[in-house]
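Got your viewer open and a selection prompt ready? Let's walk through this one stop at a time.

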Protein chains: 2
Amino acid sequence: MGSQLTELLKGTLEGMVLAVLADGPAHGYEITARLRDMGFSEVAEGTVYALLIRIEQRRLVDAEKMPSAKGPPRKVYSLAAEGRRRLDEFWQTWNFLAERLDQLHEGGMT
Amino acid sequence: MGSQLTELLKGTLEGMVLAVLADGPAHGYEITARLRDMGFSEVAEGTVYALLIRIEQRRLVDAEKMPSAKGPPRKVYSLAAEGRRRLDEFWQTWNFLAERLDQLHEGGMT
DNA sequence: GTGAACTACCTAGCATTGCTGAGTACTGGT
DNA sequence: ACCAGTACTCAGCAATGCTAGGTAGTTCAC
């Protein structure tokens, strides 16, 4: 059994990564670090890299290899037009869900 | 590819069903109907039944067969102690996620 | 009385997603 | 030489929701 958060992250993580990239290009290691800083300390590195490969194949992001001063070359991702659309869609879906969930939570108090 | 909502529902649906049951016992068909009324019109019947069987096996809910006036006998589910704990945990996890997601959304506006 | 529609439940197989646990490779400090 | 930190990849697994069917009982129109 995965943890509660693991299951809730399904579908959400893609949106979060796209949102991070909407803020500017970034490479995988950096994105993982940002997620950890946000409080998602349990997000596995491998998960993020796998996700990045998926969204690159779907043309949601563009990738470019860049040399790094301290380590192997980085793969820098930036949000593509299709990814921007997908991100907007994500926020809509998220709001839809969040509204109803909040209602359920409030309503359940009675 | 599943829809955005489908992926977001992963993990959330269990919490929603537990929340509905926290409001009082209900049977599968009724729970499905309530979810549809809430706006989740695309939630498949089979999904809900499968979920109910899962959470019954995990002792999150108790099940009892009841005769129905208009159709086959119903299986009425009610929240068990373990389910109540799980529901509380769910809301905590949900709030954790929602807070950070909202922050990401706001922050991304700059 | 036959068929449609609604009530009520179940199942096998699939697609997607995140995690585990490993490996590769480059740099810098000790 | 060794280890930590940077940076990426991959195979196999676990959990979840959907598809697409099936079974059964009741009610009502035709």
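**Stop 1: chain A as a whole**

Select chain A and look at its contacts (heavy atoms within 4.5 Å): of those with a separation of 6 or more, 49% are between residues 24 or more positions apart. Before you go further, note that this is a predicted model, in which local features need pLDDT of at least 70, side-chain atom pairs count only at pLDDT 80 or more, and totals for chains, interfaces and linings use all residues. For bookkeeping, residues are numbered from 1 along each chain as its sequence is written, chains are lettered from A and ligands numbered from 1 in the order in which they are written, and side-chain values use heavy atoms, with hydrogens and water left out.

Switch to cartoon and you'll find five helices and three strands in chain A. Helices here are DSSP runs of H or I with at least four residues, strands are runs of E with at least two, and both are numbered from the N terminus. Following chain A from that end, the order reads α-α-β-α-α-β-β-α. Its C-alpha trace spans about 60 × 30 × 25 Å along the principal axes.

Now try a surface. Chain A has an accessible surface of about 6200 Å², and carbon and sulfur atoms own 50% of that (Shrake-Rupley method, 1.4 Å probe; for residues, only the protein chains shown count as cover). Of the 110 residues in chain A, 42% are buried. Buried means under 20% relative accessible area, exposed means over 50%, and partly exposed is in between, using a 1.4 Å probe and protein chains only.

**Stop 2: two copies, one axis**

Bring in chain B. A turn of 180° with a shift of 0.0 Å along the axis lays chain A on chain B with an RMSD of 0.1 Å (least squares on the C-alpha atoms of residues with pLDDT of at least 70 in both). That is how a two-fold axis relates its copies. To find the axis on screen, pick Lys10(A): of the residues of chain A, its C-alpha comes closest, at 3.1 Å.

Why do we say that the copies meet through the same surface? Because 100% of the interface residues of chain A are interface residues in chain B as well.

**Stop 3: DNA strand C**

Next, show everything around DNA strand C, with "near" meaning that a heavy atom of the residue lies within 4 Å. That gives 32 residues, and those that come nearest are Thr47(A), Arg54(A), Lys10(B), Arg74(B) and Lys75(B). On the DNA side, sugar and phosphate make up 77% of the strand C atoms that come within 4 Å of the protein.

Colour this surface by class and you get 11 nonpolar, 10 polar and 11 charged residues. The nonpolar set is Ala, Val, Leu, Ile, Met, Phe, Trp, Tyr, Cys and Pro; Asp, Glu, Lys and Arg are charged; the others, Gly among them, are polar.

Which element gives the most to the surface near DNA strand C? Zoom in on helix 4 of chain B, with four residues there. Among the elements that supply at least two residues each are helix 1 (4–9) and helix 2 (12–22) of chain A, along with helix 3 (28–38) and strand 3 (74–79) of chain B.

Three polar pairs deserve sticks (a polar contact is a pair of N or O atoms within 3.5 Å; within protein, one must be able to donate a hydrogen and the other to accept it, and residues adjacent in sequence count only if both atoms are side-chain atoms):

- Thr47(A): a polar side-chain atom sits 2.6 Å from a phosphate oxygen of DNA strand C.
- Tyr29(B): a side-chain N or O atom is 2.7 Å from a phosphate oxygen of the strand.
- Lys10(B): here the partner of the polar side-chain atom is a base oxygen, 2.5 Å away.

**Stop 4: single residues worth a click**

Select Arg59(A), in the loop between helix 4 and strand 2 (61–66) of chain A. Its phi is positive, about 65°, though it is not a glycine. Arg59(A) is exposed, at 64% relative accessible area.

Buried or exposed: which is Leu101(B)? This residue of helix 5 (residues 81–107) of chain B is buried, with a relative accessible area of 0%. Show its contacts and you'll land in the other chain, with Thr12(A), Met16(A), Phe90(A), Trp91(A) and Trp94(A).

Finish on Glu14(B), in helix 2 of chain B. Glu14(B) counts as buried at 12%, and beyond its neighbours within four places in sequence it touches Leu51(B), Ile55(B), Arg58(B), Leu60(B) and Arg86(B).
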